[in-house]
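Trainee: I have just opened this one and would love a friendly tour. Could you walk me through it?

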Amino acid sequence: MEKDKKARVSVDPARGAVPLSVWAAEWLERRVIGEATRRNYEGFIRNHLGPSLGRKPLAELARLDFEKFVKDIYRGGAGLAVSTVNDRMVIVASIMEAAVVDRRITENPARGIRISRRDAITVGEEEVPTPAEVDLIAAHITPQFRLAVYLQSGTGQRPSEALAFATECRRPGSVRIRWQVSAQAHREDCQTPFVPLKHRLEKECRDVPTALFIEQEIDAHLLKWKPVPVVFTGQKGKRIRLETFFAPRQPDAGVMPSIASYGYQFKKACLSAGLVDLDGNAKYTPRSLRHFFASTALANGVPIHEVSRWLGHRSVKTTVDIYGHLLPSAWDRCREVLQRAMRPAPPAATSFPSEEASGSADNRAA
């Protein structure tokens, strides 16, 4: 038996040998929660916590493991917002705290682990692919998702928004974004595969201008795959029909494509294209394509308030926090503007012809 000096609690090492995935399942089984919340927790444990740390015994988990985990699930292409990731880490901390109470471990290594919003949202230049790299990803991803790559990089859509693209989204010279794929859309019993945009009501939408190559990619997609009708119930109970571009393609498929499946195919495309970091991991995530759209537009003088609106940010402050440091430097321009305002250059002196030149002119005139 080991004894924690601070808490003075005896811990049996054998009880800490339980794998995290097994303990998490036991923890969830004992929770008295609603069915929707239970499915939410189950999905997080199955899709994220289990594959990453599930095999590790409780006693071998360290704070560093959870710090790496929280960064990986945020950057890993699942499309989870900072607030969502931090909410999920509350679940993880509760799972580990229960192990402390049950005397399986002496302390909770997941307590207080979260992503700092400021650190998380600031985009570095290394997170933004080049135009050539965007084309490489599109060329290597499974063909059904090629258009999603260009919708994200060409119009700044979130992964969930690009996968909700439908015929009603297409407008002359623009796309109208109104829906995003629900986190539960991959479930066969899901009645609402599409939900309103982040920070928006069901009737709200945003229009984003489209370059010619986006129009061409949409046409090319439609030559291979016809839109698939999906009927669902909106939040107000009204039946809605969408002619979707990314609905199931196999005859027996009964589920919508998930954000996780798109992230998986995206990662495979990066690896296949050789877009990897020093550790051999995929260099980019689907979120990187949204960064490409924003940084390319801003670097070429598109007003930041317009880019913010097209991205669907709640306020322009969010856009500044994420991309402000990538804007072209105005240092020299600011110096010149203030110099001209305060110390304008004197007007050029008016020159008069000399007497000799004037006399010569008079002689020529005579």
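**A first look inside**

Mentor: Gladly, and we can begin just after helix α7, where Gly156 takes a positive phi of about 75 degrees. Helices (H or I, at least four residues) and strands (E, at least two) are DSSP runs, numbered from the N terminus. This is a predicted model, in which local features need pLDDT of at least 70, side-chain atom pairs count only at pLDDT 80 or more, and totals for chains, interfaces and linings use all residues. Residues are numbered from 1 along each chain as its sequence is written, and side-chain values use heavy atoms, with hydrogens and water left out.

Trainee: How many residues of α7 are buried?

Mentor: Buried means under 20% relative accessible area, exposed over 50%, and partly exposed in between (1.4 Å probe, protein chains only). Helix α7 covers residues 146–155 and is mostly covered. Among its buried residues are Leu147, Tyr150 and Gln152. The count for α7 is 9 of its 10 residues.

Trainee: Which residues have the most contacts inside the largest nonpolar core?

Mentor: A nonpolar core is a set of buried Ala, Val, Leu, Ile, Met, Phe, Trp, Tyr and Cys residues joined through side-chain atoms within 4.5 Å. The largest one here has 57 residues. Those with the most contacts inside it are Phe194, Phe246 and Tyr262.

Trainee: Which residues does Tyr262 touch?

Mentor: Contact means heavy atoms within 4.5 Å, and residues up to four places away in sequence are not counted here. Some partners of Tyr262 also belong to the buried part of α7, including Ala148, Val149 and Gln152. The full set is Ile141, Phe145, Ala148, Val149, Gln152, Pro159, Leu163, Pro286 and Leu289.

Trainee: How many aromatic pairs are there in the whole structure?

Mentor: Rings of Phe, Tyr and Trp (its six-membered ring) pair if their centres lie within 6.5 Å; planes under 30 degrees apart count as stacked, over 60 as edge-to-face and the rest as tilted. A search of the whole structure with that rule finds 9.

Trainee: Why is the pair of Trp27 and Tyr41 stacked?

Mentor: Both residues are buried. Their ring centres are 6.1 Å apart, and the pair is stacked because the planes are at 25 degrees.

Trainee: How many residues apart are Phe145 and Phe246?

Mentor: Phe145 sits in the loop between α6 (131–140) and α7, while Phe246 is in the loop between β9 (239–244) and α10 (259–273). Both are buried. This pair links distant parts of the chain, 101 residues apart.
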